[in-house]
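I am opening a fresh notebook page for this structure, and I want to write down what I look up in the order in which I look it up.

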Amino acid sequence: MNILIIVLLAAVSVYAQQHKTMISGKVVSKEKEIIDLATVYLKGTNYGCMTNEQGIYHLHAPAGEYTLVVSAVGYETVSYTHLTLPTI
């Protein structure tokens, strides 16, 4: 079974006017292949997006603690628990 890896879970920046945090990252396979059209979402919320053709995603959500879920056709779904987005 193929496995997804999030290589970059960086670029966490805070937008004071919206009270939301942006999470950016890149989704690649274990073999370092770019995964486009992967679904990235925060479990139990309506916050989510898809990766672009370079495997990059940008997700905006309020501060809090979440589980980040990444899934793509043909790959095992991966969850990252205890992801904390900072408060302003």
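Before I start, I note the rule for pairing that I will need: two strands pair if DSSP finds at least two bridges between them. I also note that I am working with a predicted model.

**Entry 1: a pair of strands**

I looked up strand E3 (residues 39-42) and strand E6 (residues 64-71), and found that they pair in the antiparallel sense over four bridges. That count satisfies the rule, because at least two bridges are needed for a pair. Within this pairing, I found Val40 opposite Val70 in E6. As general background, I wrote down that strands of a sheet pair through backbone hydrogen bonds, in either a parallel or an antiparallel way.

**Entry 2: the sheet around that pair**

I then followed the sheet outwards and read its four strands in the order E4-E3-E6-E8, an open sheet with antiparallel pairing. Strand E4 (48-50) and strand E8 (78-85) stand at the edges with a single partner strand each, so one side of each is left without a neighbour in the sheet. From one strand to the next, the twist averages 20°.

**Entry 3: the whole protein**

I stepped back to take stock of the secondary structure, which comes to zero helices and eight strands. Of the 88 residues, 34% count as buried. The protein exposes about 5300 Å², and carbon and sulfur atoms supply 55% of that area. Among contacts with a separation of 6 or more, I noted that 48% come from residues 24 or more positions apart.

**Entry 4: strand E2 and Ser24**

Which strand is joined to E2 by seven bridges? I found that the partner is strand E5 (residues 56-62), and that the two run antiparallel. Eight of the 10 residues of E2 are buried, so this strand is largely enclosed by the rest of the structure. Ser24 has its place in E2 (residues 20-29) and stands opposite His58 in E5. The side chains of Ser24 and His58 are joined by a polar contact of 2.7 Å. Is Ser24 buried or exposed? Its relative accessible area is 6%, and because buried means under 20%, Ser24 counts as buried.

**Entry 5: the nonpolar core**

I looked next at the largest nonpolar core, which has 16 residues, and listed those with the most contacts inside it: Val27, Val40, Leu42, Tyr57, Leu59 and Leu68. E2, E3, E5, E6 and E8 each supply at least two residues of this core. Val40, leaving aside its neighbours within four places in sequence, is in contact with residues including Val27, Tyr57, Leu59 and Leu68.

**Entry 6: Thr45**

I found Thr45 in the loop between E3 and E4, where its side chain reaches the backbone oxygen of Leu42 at 2.7 Å. Its relative accessibility is 26%, and Thr45 therefore counts as partly exposed, since this value lies between the cut-offs of 20% and 50%. Thr45 and Ala61 are 16 residues apart in sequence, and their C-alpha atoms are 9.3 Å apart in space.

**Entry 7: two positive phi values**

I kept in mind that most residues other than glycine have a negative phi. Leu37, in the loop between E2 and E3, has a positive phi near 60°, and at 57% relative accessibility it counts as exposed. His82 lies in strand E8 and has a positive phi of about 60° although it is not a glycine. At 61% relative accessibility, His82 counts as exposed.

Conventions
Residues are numbered from 1 along each chain as its sequence is written. This is a predicted model: local features need pLDDT of at least 70, side-chain atom pairs count only at pLDDT 80 or more; totals for chains, interfaces and linings use all residues. Side-chain values use heavy atoms; hydrogens and water are left out. Buried means under 20% relative accessible area, exposed over 50%, partly exposed in between (1.4 Å probe, protein chains only). A polar contact is a pair of N or O atoms within 3.5 Å; within protein, one must be able to donate a hydrogen and the other to accept it, and residues adjacent in sequence count only if both atoms are side-chain atoms. Axes are lines fitted to C-alpha atoms, for helices over the stretch in contact, and angles run from 0 to 180 degrees between N-to-C directions. A nonpolar core is a set of buried Ala, Val, Leu, Ile, Met, Phe, Trp, Tyr and Cys residues joined through side-chain atoms within 4.5 Å. Contact means heavy atoms within 4.5 Å. Accessible areas come from the Shrake-Rupley method with a 1.4 Å probe; for residues, only the protein chains shown count as cover.
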